[in-house]
Amino acid sequence: MDPRIWSRLPQRLLDRIIAALPPPAFFRARAVCKRWYALIFSAAFLELYLQVSPNRPWFLFFKQQPFKTGIYRTTPSSRPNAHEAYLFDPQDLKWYRLAVPLIPAGFSPASSSAGLICWVSDDAGSKSVILCNAVTGSFVQLPSTLRPRLCPSIALTITNTSIDLVFAGDDLISPYAVKNLTSESFHIDGGGFYSIWGTTAALPRLCSLESGRMVHVAGRFYCMNYSPFSVVAYDISMNQWCKIQAPMRRFLRSPSLVESRGRLVLVAAVEKSKLNVPKSLRLWTLHECVWVEIERMPQQLYNQFVEVEGGRGFDAVAHGEFVVILIKGTDKALMFDFGGKRWAWVPPCPYGGGELHGFAYDPRLAVPITALLEQLTLPFNSFSS
């Protein structure tokens with residue numbers, strides 16, 4: 001386009017164009033001039049950004065080392081108080097490196113929602129919690145949980161006017177023993193209602209929450225229950241747990257729950273040599289207390305997948321139309337696109353090898369709920385001292 005045309009465009013229209021850029025393009029555009037560089041600090045621009053920014057799926061991955069089944073610590077960085085994340089665009093199949101400064105040592109990413117990453121302290125006991133915007137580097141420390149826990153399952157959902165955060169299971173009943181007994185919740189909303197870990201609920205009897213994470217679908221958090229496999233759900237408004245009375249297929253391996261397009265989806269391998277159907281990796285959705293199969297990996301691709309996976313197991317994350325299946329102990333991943341009905345190997349992360357774990361992510365320059373969080377009466381504790 002002729003530069004003279006750009007120079008004659010109204011400033012408001014230019015800002016609208018810039019606000020619609022995806023995050024990598026926006027940060028490149030900031031290098032054009034001082035005014036564009038300063039847009040991220042402009043309240044008027046951020047308000048416009050919230051109205052027109054594109055809603056497209058992304059994933060944010062970290063390289064981590066396991067210390068308990070399903071729970072992961074980030075790999076230490078060579079720089080103090082610095083973590084590195086990797087932003088993946090499933091539509092363009094591109095990777096971007098993202099520095100996450102100021103998060104102290106001893107914290108690991110546990111969940112994500114609406115542009116914020118929930119970081120939780122690794123040490124056993126009451127958990128310290130930080131919500132961080134990985135794009136802007138801003139963060140807010142929440143009050144610590146009240147009950148001592150070891151490695152609880154963690155769920156987070158954020159809207160423009162509310163936040164719900166739940167820690168469930170791994171109650172420390174003594175310095176040497178844990179049980180899955182209770183959950184505790186943090187809630188804050190624009191209507192002025194606060195519940196700072198004061199809402200507790202009893203978990204279903206004999207539940208075994210080993211995955212470390214939960215997914216949010218239509219006002220409920222869902223989590224895999226193990227030995228035997230089943231699903232438990234937490235109703236946020238009712239503050240109540242229940243077991244989903246939907247029979248699960250037998251002979252599942254590495255089952256994971258994800259949210260895709262407003263649906264709860266189960267991803268797992270079906271493996272039993274005496275079955276009349278071949279071994280496979282399948283996706284089901286929960287419909288009226290019945291697991292309905294919606295997709296099956298092509299057999300030739302599944303054979304390749306099994307050869308790479310080598311029995312190590314796998315995890316799954318989803319965002320919008322895309323489901324990414326991460327093979328444990330490797331940097332390999334497969335992706336399924338619901339929209340195009342396509343399976344494909346994910347291009348390797350170009351920023352060094354290593355096992356990846358992560359979340360669906362919405363990279364945002366502004367998150368309205370942070371203004372409410374900053375109004376909490378408890379003072380912010382600096383980690384610089």
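**Exercises on loops, strands and cores**

The backbone oxygen of T145 and a polar atom of the S126 side chain are 3.3 Å apart, where a polar contact is a pair of N or O atoms within 3.5 Å, of which, within protein, one must be able to donate a hydrogen and the other to accept it, while residues adjacent in sequence count only if both atoms are side-chain atoms. The model is predicted, so that local features need pLDDT of at least 70 and side-chain atom pairs count only at pLDDT 80 or more, whereas totals for chains, interfaces and linings use all residues. Residues are numbered from 1 along each chain as its sequence is written, and side-chain values use heavy atoms, with hydrogens and water left out.

**Exercise 1. The surroundings of S126**

Task: establish where S126 lies and which residues it touches beyond four places in sequence.

Solution. Begin with the secondary structure, in which helices (H or I, at least four residues) and strands (E, at least two) are DSSP runs numbered from the N terminus; S126 belongs to the loop between β6 and β7 (129–132). Next take accessibility, where buried means under 20% relative accessible area, exposed over 50% and partly exposed in between, for a 1.4 Å probe and protein chains only. With a relative accessible area of 38%, S126 is partly exposed. Finally list the contacts (heavy atoms within 4.5 Å): leaving out residues up to four places away in sequence, S126 touches S121, T145, L146, R147 and P148. One of these, L146, is 20 residues away along the chain, and its C-alpha atom is 5.8 Å from that of S126.

**Exercise 2. A four-stranded sheet**

Task: work out the strand order of the open sheet that contains β5, and say which strands stand at its edges and why one side of each has no neighbour.

Solution. Start from the pairs, bearing in mind that two strands pair if DSSP finds at least two bridges between them. Strand β5 (residues 107–113) runs antiparallel to β6 (residues 116–121), to which six bridges join it, and P109 has W119 as its bridge partner in β6. These two strands form a hairpin with two residues between them, and A114 in the turn has a positive phi of about 50°. The next pair, β6 and β7, is antiparallel over four bridges, with C118 opposite L131 in β7. The resulting order is β5-β6-β7-β8, an open sheet of four strands with antiparallel pairing. The edges are β5 and β8 (139–142), and because each has a single partner strand, one side of each is left without a neighbour in the sheet. Neighbouring strands are turned by 25° against each other on average, direction ignored; the axes are lines fitted to C-alpha atoms, for helices over the stretch in contact, and angles run from 0 to 180 degrees between N-to-C directions. As a last step, check the covering of β5, in which seven of seven residues are buried.

**Exercise 3. N133 and the cores**

Task: decide whether N133 is buried or exposed, and find the backbone atom that its side chain reaches.

Solution. N133 sits in the loop between β7 and β8 and is buried, with a relative accessible area of 3%. Its side chain reaches the backbone oxygen of R364 at 2.9 Å. Beyond four places in sequence, the contacts of N133 include G115, L116, Y361 and R364. One of these, Y361, leads to the largest nonpolar core (a set of buried Ala, Val, Leu, Ile, Met, Phe, Trp, Tyr and Cys residues joined through side-chain atoms within 4.5 Å). This core has 32 residues, and among those with the most contacts inside it are F45, W119 and Y361. Helix α5 (residues 43–52) contributes its largest share, five residues. Apart from it lies another core, of 22 residues, including L116 and W197.

**Exercise 4. N180 and D170**

Task: identify the two backbone atoms, in D170 and in C207, that the side chain of N180 approaches.

Solution. N180 is placed in the loop between β12 (177–179) and β13 (182–189). A polar atom of its side chain lies 2.9 Å from the backbone nitrogen of D170, and the N180 side chain also reaches the backbone oxygen of C207 at 3.3 Å. Turning to D170, this residue lies in the loop between β10 (162–168) and β11 (171–174), is buried at a relative accessible area of 5%, and has a positive phi of about 55° although it is not a glycine.
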